[in-house]
Amino acid sequence: MTMKTDIQIAQEAKLEPISLVAQKAGLKEDDLDLYGKYKAKLSDECLKRLEKEEDGKLVLVTAINPTPAGEGKTTVSIGLSQALNLLGHNTIVTLREPSLGPCFGIKGGAAGGGYSQVVPMEDLNLHFTGDFHAITSANNLLAALLDNHIHQGNALGIDPKQIVWKRCLDMNDRALRNTIVGLGKKMDGVVREDHFVITVASEIMAILCLADDLKDLKDRLGRIVVAYTYGGEPVTAKDLNAVGSMAALLKDAIKPNLIQTLEHTPAMVHGGPFANIAHGCNSVRATKASLKMADIVVTEAGFGADLGAEKFFDIKCRMSGLKPDAVVIVATVRALKYNGGMAKDALGEEDVEALSRGIVNLEKHIENVRKYGVPIIVTLNRFLSDTEAELEFVKRFCEDRECEFALSELWEKGGEGGKELAKAVLHTLDTKESKFAPIYEDEMSLEDKIATVATEIYGADGVEYEPKAKKQLKKLTDLGYGNLPVCMAKTQYSLSDDASLLGRPKDFKIHVGDVYVNAGAGFVVVLTGNIMTMPGLPKKPAAFGIDVTDDGVITGLF
């Protein structure tokens with residue numbers, strides 16, 4: 001029997017009107033700003049009213065380091081919320097919005113998979129409610145105002161060699177990484193080197209996802225450092241009088257989006273910073289609103305726990321006051337065998353020895369999450385090729401480390417395939433207390449914060465700095481940014497900053513090439529290894545397989 005693709009499953013599903021889905025979350029139609037039949041934003045009045053409600057429990061879904069074998073973290077997040085609802089618990093899943101870049105690049109869609117998806121799938125993966133377009137526009141408006149200020153006389157004394165604000169585009173386009181602007185006649189602007197980042201790496205994306213409300217958004221926008229003067233002083237968006245117009249572009253984008261799963265469970269999908277080059281979490285507003293509407297909220301953080309979960313804990317929770325009650329770590333037998341050195345085309349064969357070599361990756365993630373004081377459940381996304389011996393090996397491994405363990409069949413069976421996991425989560429919530437705390441204090445120096453993440457989370461022996469990074473750390477500390485948390489930009493494929501080092505690398509150092517401040521978002525970005533803030537397309541992009549039929553049906557998204 002031929003398996004249906006994700007998009008086929010999604011397109012065959014019968015969706016409920018979003019107003020009916022909203023009722024399950026205790027909302028009325030007046031609480032919604034409708035975007036057609038199946039999408040809506042929560043109104044400002046609704047968000048204000050919800051503040052008086054009690055909070056539910058917060059469950060974070062994270063994973064081992066991603067591999068070509070696939071782990072299915074988003075599928076688990078969505079399927080777990082469906083399973084918890086089947087068991088009678090009012091549950092909402094809160095996720096990030098997908099970026100167009102990887103959608104047309106190498107990853108394909110990002111709405112879950114199989115019978116654990118959020119829908120409408122095509123809308124979500126493409127333009128959705130326009131949030132990313134608004135962020136791109138606000139980012140590039142600031143860039144335009146900056147260059148115009150210099151062209152119009154440069155009253156602030158901005159040094160064109162010290163401009164740090166970059167333009168952005170929600171597309172993988174390597175040709176824009178390094179550009180020259182202002183070419184042509186004198187009226188065409190000042191000639192200078194410029195750069196593009198992908199929209200999900202823009203500081204405005206991070207700001208939108210961390211802002212409490214419109215006032216906080218404007219305050220954060222005003223603190224964005226765009227450049228430095230000839231005297232070395234920071235120049236902000238507020239100095240350029242850019243805040244009001246940027247906020248006007250973002251006034252609707254800051255409202256969380258409500259859609260549904262294939263089983264009509266409410267799903268809040270809002271914001272979308274990558275976890276390898278940004279902080280990797282959906283918006284604080286969406287998470288907090290969900291906690292007011294549900295008994296249990298299932299959320300996720302990008303890539304493996306060394307990136308997404310670390311930033312969820314040390315950035316998002318630190319700033320918002322959120323405290324996770326449990327963490328689900330997702331793995332697959334196939335991915336663990338890949339970490340153990342098994343070839344990708346052989347992963348369907350039983351090999352407990354390769355599994356035992358690769359499971360050290362899972363072991364390190366268990367140890368890391370435990371350092372934050374949060375109870376852990378490990379789930380294996382089950383494949384037909386998994387053998388009983390392999391499944392039993394992982395089960396014993398987890399139970400020996402006092403972790404709850406459950407198998408998942410969420411891709412194939414939807415919520416029904418997640419009941420075992422849901423029961424393990426409920427048991428953990430009922431019997432284990434979260435003693436969550438970030439892994440470092442605000443008062444620590446930036447270098448000590450970087451060293452803490454590198455040694456405690458990645459397992460490195462230490463940190464090596466390029467001279468440029470050392471100079472920047474001193475400069476940022478002298479300017480008063482030393483108390484901010486750090487956002488480590490690192491490859492997602494390894495615990496180290498070398499993507500080829502699988503499993504649990506030993507005897508390595510983290511290499512820091514550059515450091516800069518996202519003062520509006522409220523963290524210092526640390527670039528490690530060979531990390532790109534503007535990805536490129538592969539030789540055969542996913543875009544080659546995407547099309548639309550004559551009657552308007554999109555095909556090939558995944």
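**Exercise 1.** Work out why the radius of gyration of this protein agrees with that of a compact globule.

*Solution.* Start with the rule: the radius is taken over C-alpha atoms, and a globule is expected at 2.2 Å times the number of residues to the power 0.38. Next, put in the 558 residues, which gives a value near 24 Å. Finally, compare: the protein has 23 Å, so the two agree. The C-alpha trace spans about 70 × 55 × 50 Å along its principal axes.

Before you go on, please keep in mind that this is a predicted model, where local features need pLDDT of at least 70, side-chain atom pairs count only at pLDDT 80 or more, and totals for chains, interfaces and linings use all residues. Residues are numbered from 1 along each chain as its sequence is written, and side-chain values use heavy atoms, leaving out hydrogens and water.

**Exercise 2.** Find which peptide bond is cis, and where its proline sits.

*Solution.* Recall first that most peptide bonds are trans. Then look at Val119 and Pro120: the bond joining them is cis, with omega about 5°. Last, place Pro120 in the loop between strand 6 (116-119) and helix 6 (121-125); helices (H or I, at least four residues) and strands (E, at least two) are DSSP runs, numbered from the N terminus.

**Exercise 3.** Decide whether Phe303 is buried or exposed, and do likewise for Asp507.

*Solution.* Take the cut-offs: buried is under 20% relative accessible area, exposed over 50%, and partly exposed in between (1.4 Å probe, protein chains only). Phe303, with a positive phi of about 55°, has 17% and is buried. Asp507, whose positive phi is near 55°, has 68% and counts as exposed.
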